[in-house]
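Welcome, and make yourself comfortable with the viewer. Below are some exercises, each followed by a worked solution to compare with your own.

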Amino acid sequence: MRLGKILILLFLITLIGHSCDTNQESDTGSLPQYADVAIRIEPSIEQSEMPIDTRAAQTNGIYALNIKWRGKTLTNFQPYASGLFTDVSQIKIRLITGYEYIFDCTFLDYNDLPHSMERNDSTFYGKPFAISGGEYACVTNKLLVSTPPYSNKSPYYEYIYKGTTQLDENRILDRPSLRRYYGQSKIDLRNSIASSHSISIDLMRAYYQLQFRAEDIAINDTIAVTIEGTRRFTLVGTGQENSMIESDLRLMSMWQIDNSGAIRSDESVTVTAQYYSQQTKRWTSLFQTNPTISLKRNKINKISLINILIPNSDTNITTSEGEMNGLPTDEENQTI
């Protein structure tokens with residue numbers, strides 16, 4: 001009996017020792033591995049019309065940077081770290097390997113900064129630099145880990161993906177400044193064994209040009225075209241047969257900048273158009289149902305209203321678009 005107790009005791013000691021060895025191996029294998037990433041933010045060559053100098057911008061504007069990650073148990077990209085910067089010359093971060101990362105950045109020159117307020121000897125800025133819930137945020141010149149619930153200690157700049165800009169405490173502009181820049185870069189560390197990486201974010205303007213046109217409008221008759229977020233476009237008839245009248249050619253920033261982790265290539269807007277007749281002295285709607293048109297980013301979009309004066313016909317829209325590289329040039333047509 002005594003020998004049996006000794007054998008049982010030896011078996012338990014062996015089992016406990018094996019269990020400790022197993023746990024030790026498991027803990028060692030699960031230790032996270034890291035990669036140091038240097039981030040370089042600079043203007044894109046796309047901005048030939050209004051170039052910005054990287055070094056000058058670092059001292060004359062503010063950058064908002066969001067880093068998101070996905071992988072393993074994360075099926076969608078989630079906030080990882082964020083920060084507001086006036087100096088982007090030396091941004092570095094340590095990332096956990098085994099995940100994908102997206103780096104999103106927006107920039108505004110000091111002349112176009114949103115509404116701000118002073119708190120505790122620091123300047124806090126509104127949208128697009130505000131964090132979740134619209135709370136104003138200050139420049140830290142460092143990346144802070146974004147853990148929910150998001151606050152000043154763990155921010156996430158959700159408004160950089162929209163045109164929303166805080167003009168003052170009670171006024172918000174839906175479209176951003178034409179001098180607002182946006183950029184994105186990605187890095188995949190799921191299978192990476194390198195301990196250091198470098199990425200570049202090219203900043204681009206999210207804008208397009210827009211013009212409305214119509215033919216054969218009676219002299220001094222007027223068409224007023226409205227889309228959200230901008231003053232109305234006006235076309236005044238000349239009365240000349242086969243003549244094309246045009247509104248002003250307007251440079252506009254995009255309403256929505258981001259589209260599921262990428263800069264949008266277009267955006268949809270609803271068109272409202274009314275016709276004023278000098279003969280009847282009345283305004284009438286051109287459309288029974290206001291149409292939606294797609295406006296292409298970084299292109300000149302020309303919208304033609306046709307069949308306006310044909311009895312019992314529906315007014316139609318024809319759109320054309322041309323390349324924008326400094327100045328718009330060639331056009332291609334499509335009809336809706």
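**Warm-up: one residue and its surroundings**

D248 is partly exposed, with 32% relative accessible area, where partly exposed is the range between buried (under 20%) and exposed (over 50%), taken with a 1.4 Å probe and protein chains only. Before going on, note that this is a predicted model, in which local features need pLDDT of at least 70 and side-chain atom pairs count only at pLDDT 80 or more, while totals for chains, interfaces and linings use all residues. Residues are numbered from 1 along each chain as its sequence is written, and side-chain values use heavy atoms, with hydrogens and water left out.

**Exercise 1. Find the salt-bridge partner of D248 and say where the two residues sit.**

Step 1. Start with the rule: a salt bridge needs a side-chain nitrogen of Lys or Arg within 4 Å of a carboxyl oxygen of Asp or Glu.

Step 2. R231 meets this rule with D248, their closest N and O atoms being 3.7 Å apart.

Step 3. Now place the pair: R231 is in the loop between β15 (222–226) and β16 (233–236), and D248 is in the loop between β17 (244–246) and β18 (250–253). The pair is 17 residues apart and links distant parts of the chain. Strands here are DSSP runs of E with at least two residues, numbered from the N terminus.

Step 4. Check the accessibility of the partner: R231 counts as exposed, at 57%.

**Exercise 2. How many salt bridges does the rule give, and which residues form a network?**

Step 1. The count comes to 10 salt bridges.

Step 2. Look for shared partners: R70, E100, D188 and R190 are joined into one network in this way.

Step 3. Within it, take D188 and R190, whose side chains meet at 2.5 Å, N to O. D188 is partly exposed at 37% relative accessibility, and R190 is partly exposed at 43%.

Step 4. For another pair, try R40 and E42, with a salt bridge at 3.8 Å, N to O. R40 is partly exposed at 48%, as is E42 at 25%.

**Exercise 3. Which peptide bonds that lead into P128 and P149 are cis, and what are their omega values?**

Step 1. Recall the background: most residues other than glycine have a negative phi, and most peptide bonds are trans.

Step 2. Going from K127 to P128, the bond is cis with omega near 10°. P128 belongs to the loop between β7 (122–125) and β8 (137–138).

Step 3. The bond joining P148 and P149 is cis too, with omega about -5°. P149 belongs to the loop between β9 (144–145) and β10 (165–168).

**Exercise 4. N141 and N298: is each one buried or partly exposed?**

Step 1. Begin with the backbone: N141 has a positive phi near 55°, and N298 has a positive phi of about 55°.

Step 2. Locate them: N141 is in the loop between β8 and β9, whereas N298 is in the loop between β22 (292–296) and β23 (299–306).

Step 3. Read off the accessibility: N141 is partly exposed at 37%, while N298 is buried at 7%.

**Exercise 5. What does Q166 touch, and in which strand is it found?**

Step 1. Q166 is part of strand β10 and is buried, at 6% relative accessible area.

Step 2. List its contacts (heavy atoms within 4.5 Å), leaving aside residues up to four places away in sequence: P114, H115, G126, K127, Y136, R171 and I172.

Step 3. Look at the pairing of the strand, which requires at least two DSSP bridges. β10 pairs with β11 (residues 171–173) in the antiparallel sense over three bridges, and T165 has L173 as its bridge partner in β11. The hairpin from β10 to β11 runs through two residues.

**Exercise 6. Which strand gives the most to the largest nonpolar core?**

Step 1. Define the object: a nonpolar core is a set of buried Ala, Val, Leu, Ile, Met, Phe, Trp, Tyr and Cys residues joined through side-chain atoms within 4.5 Å.

Step 2. The largest has 40 residues, and those with the most contacts inside it are L210, F212, I223, V225 and L305.

Step 3. Strands that each supply at least two residues include β2 (61–71), β14 (207–215) and β20 (272–277). β14 gives the most, with four residues.

Step 4. Zoom in on L305, whose contacts include I223, V225, L286 and F287.

Step 5. Finally, a second, separate core of 27 residues includes A35, Y63, I67 and V88.
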